[in-house]
Every structure is written in structure tokens, then in C-alpha cells.
Amino acid sequence: MTVRELSQSLFQLPEAWERFWFGLAPSRAVSTFRVALCTVAALHFLLFFTWVPAWLSGDGWFDVATGRYVIGDGVPDTGSFYRWSPLFNATHPAAAYAVCGIGLTASVAAMLGLGSRLAPLGAWLCMLTIHHRAPWLSMPGEILLTAGLFYLLIDPGRTAWTFRPGFDDAAKRFSANHAHRCNQIHLLIWLFISVIRMLQYTLWWYG
């Protein structure tokens, strides 16, 4: 590459950046991601039924006192202020079952393209309700799943309010592109951090 070609490429960076983040994109791209992500979310909520009510109720294995201790409630610089969950106050197992049920329903609705942005919002809130109650029980993949549900609030690929299931609305818009790019970048960052964390163990270097 010559110096002239390099300089031309540098001058085109702002335009490429704007096109990458703010260009129009078909809703089908983000709809494909929505269906895959919400299928995984629905499976997670099904699994949550098997342990969340028993572990995260008032008298569960990870009771309220233990949960508040683990998140550092009242201890400065622990971030416990941002880990509020309704399950700290609603301690009956029925509340945990309700959270799992609402999350499952919202995930399936989002997968089917129902409820516009409201469906992924419901699934996201239910996921955070469980994670903030016991953040140390969350798996790394669940953190990525929660972020993906949040990005679907930007654009789920099907924004029409209708009770008829559908894949996408066959439209091109900025929000569909932005949601898709946010998911792509977040996934790459998550993969990079995961690989770096694994490489810190000597097992990867010495076999």
C-alpha cells in the first residue's frame, strides 16, 4: 500500500465509522439474532424453575441474609447499591416462580416477534431480577445473554404491535443496524476477555 492509498483510507475512516454505526440495515439481521437469543433465554428460564425458587426464596439455600452478605450490602465500593432485586423483598417461593414464568413468557413472545420492544424488556428485567439477587451464581454466558436482551430494546427486528407471530417487518432502518452492531461488538469484547482470562492459567501454557 502506497502512502497516498494509506492517506486516502484514513480520510475515509469517518465515513466508514458513520456507515458502520448509523447506516440503514434490514431488520432481518437483528431478527435472526433475536430468535436465537430468545430461544436460549427461554431455555434458561426453564432451567431457572429447577433451582431459583429453592435457592433464592426467603428460607432457601441462598437466603436473603446470605445474598445481601455476598453482594456486600452496606459495604462501600462493592457495587451492592446497583444490585437491587425484588426477590430481596418478595421472599416467598411463589415470587421466584412468578419471575421465572414471566421471563419464560416474555422470551417466547420475543422469539415469536410479539410485543415489539416490550417482550425483550420483560425478559431482560426478569433476568436481572435473578442475577442481582445472586450475582455470584451467574455464569459468564448469562451475562452476555442479559446484554443481548438489552440491545433488543433498541430494535428487535419487528416493531409492529400485533398478536400475529412474525419474523421481521422487512424494513431498513438505523435502529436495526445499531442494535446489530452493538451485539456484534459486545460479543467480540466478551470473547476477547474470556480468552484472556483463560490464558492466565498455566494449564494453557504447559499442558
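**Asking why, one helix at a time**

Reader: Leaving aside its neighbours within four places in sequence, which residues is Ser116 in contact with?

Author: Ser116 is in contact with Pro156, Arg158, Thr159, Ala160 and Trp161. Keep in mind that this is a predicted model. As for its place in the chain, Ser116 sits in the loop between α5 and α6.

Reader: How do you know whether Ser116 is buried or exposed?

Author: Look at its relative accessible area, which is 5%. Buried means under 20%, so Ser116, at 5%, counts as buried.

Reader: And Leu47, buried or exposed?

Author: Leu47 is part of helix α3. Its relative accessible area is 54%. The cut-off for exposed is over 50%, so Leu47 is exposed. Here's another thing to try on the structure: Leu47 and Cys100 are 53 residues apart in sequence, yet 9.0 Å apart in space, C-alpha to C-alpha.

Reader: Cys100 is a cysteine. How many disulfides does the count come to?

Author: The count is 0 disulfides. Take Cys38, which is in no disulfide: the nearest cysteine sulfur belongs to Cys126 and is 13 Å away. The rule asks for sulfurs within 2.5 Å, so 13 Å doesn't qualify.

Reader: What makes Cys126 fail, then, and which cysteine sulfur is the closest to its own?

Author: The closest is in Cys100, at 8.3 Å, and that is too far for a bond. Set 8.3 Å against the 2.5 Å limit and the pair is ruled out. Both Cys38 and Cys126 are buried, by the way: Cys38 has a relative accessible area of 0% and Cys126 has 8%.

Reader: What makes α5 pass as a helix with the span you'd expect?

Author: Helix α5 covers residues 93-112, 20 residues in total. From first C-alpha to last, α5 reaches 29 Å, close to the expected 28 Å at 1.5 Å a residue. Just after α5 comes Gly113, with a positive phi of about 85 degrees.

Reader: What do the buried residues of α5 pack against?

Author: They pack against α3 (27-55) and α6 (118-133). Among the buried residues of α5 are Ala95, Val99, Cys100 and Gly103.

Reader: Why is α6 called largely enclosed by the rest of the structure?

Author: Because 12 of its 16 residues are buried. Trp124, Met127 and Ile130 are among them. The cover over the buried residues of α6 includes α3, α4 (64-70), α5 and α7. The span of α6 is 23 Å, close to the expected 22 Å.

Reader: In the largest nonpolar core, which residues touch the most other members?

Author: Of its 31 residues, they are Phe45, Phe48, Val52, Ile130 and Leu149. The elements giving two or more residues to this core are α3, α5, α6, α7 (140-151) and α8 (174-199). Nonpolar side chains tend to be buried together in soluble globular proteins. Follow Leu149 and you'll find that, not counting residues up to four places away in sequence, Leu149 touches Leu37, Cys38, Ala41, Pro120, Ala123, Trp124 and Met127.

Reader: How do you know where empty space is left?

Author: You roll a probe the size of a water molecule over the atoms. In this model, the largest pocket holds about 560 Å³ of space. It is lined by 24 residues, and the closest to its centre are Met139, Pro140, Ile143, Trp190 and Arg197. The elements that give two or more residues to that lining are α6, α7 and α8.

Notes
Residues numbered from 1 in each chain as written. Predicted model: local features only at pLDDT ≥ 70, side-chain atom pairs only at ≥ 80, totals over all residues. Heavy atoms only, no water. Buried < 20%, exposed > 50% of the residue type's maximum accessible area, 1.4 Å probe, protein only. Helix = DSSP H or I, 4+ residues; strand = E, 2+ residues; numbered from the N terminus. Expected span 1.5 Å × (residues − 1). Contact = heavy atoms within 4.5 Å. Core = buried A, V, L, I, M, F, W, Y, C linked by side-chain atoms within 4.5 Å. 1 Å grid on protein atoms, 1.4 Å probe; cavity = no way out; pocket = protein on both sides within 12 Å on 5 of 7 lines; lining within 4 Å. Points joined across faces, edges and corners; volume = space filled by probe spheres on them.
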